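Me: I have a protein model to go through. Can we take it step by step?

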Amino acid sequence: MEEEAKANSFQALDIDVTSSIKNDQVQEYGHTTAHTIDHGRHMYYITWINQFFILFLGNMGFIILGGRGLKDVNAIFNDSPLRLQYHIIITGVAYFTFALIVPNMSSMRVWLGVSLVLTLSYIGFMLPVAVNDGKSNRSQSYEIEGSTTDKVFNALGAIATIVVCNTSGMLLEIQSTLRKPAVNNMRKALCIQYTAGLAVYYGVCIIGYWAYATSVSDYLPNNLTGPKWAKVVVNSGVYLQNIVSQNMFLQPVHEALDTKFLKLDKSINSRQNLQRRFVLRALLFTVTTFVAAALPFIGDFINFLGSFALIPLTFIFPSMIFLKVKRNTANTAQKAWHWAVIIFSSLLAVATTASAVRLIVNDVTRYHFFANT
C-alpha cells in the first residue's frame, strides 16, 4: 500500500501525509484525498505549495487572533497593557507547547470535543452582550464610507473572507477520511458544516453588524461594552479554543515533517523522536510567530489567504479535475459550465488578490511593522 501510494504521489492533486501509532511504532502512509489526474509533476508541486501556504498563513492568523484575545484580557485588568507583540509571543509559545504535547491527528480526538464546548461557550456569552449593545445604541450609521475604489476593493476582500469561512469544512474532511467509509463520513461532516456551521458563522456576523454597524471590528469582542467578566470569559474562550483549532489546522504540516524527519522505526515518544519533534515544532512556530508579530493585520491575512490560495483550490482545481477525468464522457453543457467556472474563478482570484495586496500595503503604511494594533 505504501509503495503504491508513493508511486502515484506525483499524480495526486491533494496529498495528506499522515501517521498512525501501531504497537508503539510510527507507520507512514500516503492518503490521497482527490482524484489522481494526469496534469503532471508541475501541477502536483503547485498544489502542494498552495496547500502548505494556506496552512502556514492560517496558522499565523490563529496566532494573531490568540494574541489579540490575550491582549484584551490584559487590558481589562491593566490600563497600560503590554504591546500586542508580547502577547503574540506568549501565544506562539502556548501553541508550540500544545503541538508538542498533542503531536498527531489521533491525539486530537478528545480535544475536538473540548474545542466545541469552548466555541459554544464564548459565543453564548458574546451574543447576548452584543444584542444588548445593539439595543442600547440604535443611532449608528450603516452607510458604507469611502470612495468608489475603496468600496470595490473592500467588497472583493469581503468575498475572499467569505471563501475562507466557507472552506473550513476541509478540517472535517481531513478527520472523516481517516476512517472508513471515507466518502460517506466526509459527506455527513460537510453537510453538518454547511448547515449548522454556517448558521453559527452568519448568525454571529449578522448580529455583530446589526449591533455595531460600520464600526464593527474584524475581531468582534473588541466592540463589546458589557461587564468586564463577560469580556474576560469571551476572550479567554477565544484564546483557548484557538489553541486547539490551530493545532488541528496545522496537523498536515506536522505530519509531513514528522514523516520526513522522525525515526519511523522507533517509538514516536522515544527520546530521539522527542528531540527531533521539539526542534521541528520550535523552528516552525518561531518563524510563524515572528511574521505574525511583524505584520499583525489579521483581516489582511484572511483576505490574502482566501484570494491567492483558497479560490483556486476550491473552485478552479475541482473543475480542472472534472474536465480531465470526464473529458470523454462529459456533455457539451457540462464542459461549458466547468470552463466558465475556471475562467470566472481565475478572474476573481486575480481581482481579490490585488485587493488583498492593496490592503496589506495600506496597513503597512498606516501601522508600520510590529505595530501595536
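Some short questions and replies on this model follow.

Me: How many helices and strands does the protein have?
Reply: This is a predicted model. From the N terminus on, its elements run α-β-β-α-α-α-α-α-α-α-α-α-α-α. The secondary structure comes to 12 helices and two strands.

Me: What share of the 373 residues counts as buried?
Reply: A residue is buried when its relative accessible area is under 20%. Of the 373 residues of the protein, the share that meets this is 45%.

Me: Are helices α8 and α9 parallel or oblique to each other?
Reply: Helix α8 covers residues 228-249, and helix α9 covers residues 251-261. Their axes come within 4 Å and cross at roughly 50°. Angles under 35 degrees count as roughly parallel, and 65 to 115 as roughly perpendicular. The crossing angle fits neither range, so α8 and α9 are oblique.

Me: Which residues make the contact, and how many of them are charged?
Reply: Helix α8 brings Asn247, Met248 and Phe249. Helix α9 brings Gln251, Pro252 and His254. By class, three are nonpolar and three are polar, and the number of charged residues is zero: there are no charged residues.

Me: Is Asn247 buried or exposed?
Reply: Asn247 is found in helix α8. Its relative accessible area is 0%. Buried means under 20%, so Asn247 is buried.

Me: Which residues is Asn247 in contact with, leaving aside its neighbours within four places in sequence?
Reply: Contact means heavy atoms within 4.5 Å. Leaving those neighbours aside, Asn247 is in contact with Phe98, Ala99, Val102, Met108 and His254.

Note on methods:
Residues numbered from 1 in each chain as written. Predicted model: local features only at pLDDT ≥ 70, side-chain atom pairs only at ≥ 80, totals over all residues. Heavy atoms only, no water. Axes fitted to C-alpha atoms, helices over the stretch in contact; angles between N-to-C directions. Parallel < 35°, antiparallel > 145°, perpendicular 65-115°, else oblique. Nonpolar A, V, L, I, M, F, W, Y, C, P; charged D, E, K, R; others polar. Buried < 20%, exposed > 50% of the residue type's maximum accessible area, 1.4 Å probe, protein only.
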